[in-house]
Amino acid sequence: MQHTIAIVGGTGAEGMGLALRWARAGESVIIGSRDAQKAREGAAQIAALIGTTGHIEGADNAEAVANTSIVVLTVPFSGHATLLKKLRPSFQTGTILIDTTVPLAATVGGLPTRTLGVWQGSAAQQAAEMVPEGVSVAAAFQNVSAGLLNGDAPVDSDVIVCADDEKARQVTTELVEKIPGLRAVNGGRLENARIVEQMTALILSINSKYKVHRTGLRFTGLPLPNPR
Ligand SMILES: NC(=O)c1ccc[n+]([C@@H]2O[C@H](COP(=O)([O-])OP(=O)(O)OC[C@H]3O[C@@H](n4cnc5c(N)ncnc54)[C@H](OP(=O)(O)O)[C@@H]3O)[C@@H](O)[C@H]2O)c1
């Protein structure tokens, strides 16, 4: 099934990587930005890479959110709450919001290997508290490096999908598996996002120890098909 996916903060590394992979897979993608012109430039850059303009456009964040029922959030934690508050009136009822945010201390001048305490438990739970009724939140992609997404090779990683709503989990799982190499793993309730978000800080620490940039996660022993 083809979806239309709005990526809020889609001009950053993580958003552009997801946009590239989904547009290449034939999904329709709207890159969102605080600046519509910047969003259109990002979309043009991806269109040039995939060789077609059919699947990708740019818009300001509010317009992007208003025009679809699947929204992916790729902004630094420092802007997370303020932006969600601003976008609240733009969400359609029934929208699925996929939050990729990691509350890294680096977003407020701290270390990338540490996370901030979030009152609700995780960035994803903060999002769930801030969206209007009728919008379901899933947490995913927090452990997938933008460096891997912004390329051509299959992405060698599992993606833990946490959600309280089964439709949100199912749609997120479908979108994960549109990206070659990625495999979705059911991570249970949205509250488990607090663990997944913390794991990113650990991954960044491992990257630093081994002087690499692209560590990914794989779970063994699961009754799941191997990724394409
Ligand atoms: N980078 C990675 O490898 C990676 C991996 C996994 C998860 N993540 C998570 O994905 C999210 C995005 O990461 P990123 O590296 O792509 O971040 P980024 O490049 O720093 O920011 C992404 C976009 O967010 C928008 N933005 C920045 N500050 C904002 C603010 N205060 N309010 C509203 N919008 C703001 C900007 O878009 P406009 O200026 O166009 O509005 C920017 O291009 C983060 O939460 C990160 O933890 C990243």
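The following legends describe close-up views of a predicted model.

The model is predicted, so local features need pLDDT of at least 70 and side-chain atom pairs count only at pLDDT 80 or more, whereas totals for chains, interfaces and linings use all residues. Residues are numbered from 1 along each chain as its sequence is written, and side-chain values use heavy atoms, with hydrogens and water left out.

**View 1. The open sheet and its edges.** The sheet is open and holds 8 strands in the order β3-β2-β1-β4-β5-β6-β7-β8, with mixed pairing. Strands are DSSP runs of E with at least two residues, and helices are runs of H or I with at least four, numbered from the N terminus; two strands pair if DSSP finds at least two bridges between them. Because β3 (56–60) and β8 (182–186) each have a single partner strand, one side of each is left without a neighbour in the sheet.

**View 2. Pairing of β1 with β4.** Strand β1 (residues 4–8) runs parallel to strand β4 (residues 70–73), and 4 bridges join the two. I7 is placed opposite V72 in β4.

**View 3. Backbone contacts of the ligand.** Polar backbone atoms approach oxygen atoms of the ligand at 3.0 Å for E14, at 3.2 Å for V102 and at 2.9 Å for A146. The protein covers 74% of the 880 Å² of accessible area that the ligand has on its own (Shrake-Rupley method, 1.4 Å probe).

**View 4. The shell around the ligand.** The ligand is surrounded by 21 residues, of which T11, S33, R34, K38 and V75 are the closest (a residue is near if one of its heavy atoms lies within 4 Å). Two or more residues of this shell come from each of α1 (13–24) and α4 (77–87).

Conventions: A polar contact is a pair of N or O atoms within 3.5 Å; within protein, one must be able to donate a hydrogen and the other to accept it, and residues adjacent in sequence count only if both atoms are side-chain atoms.
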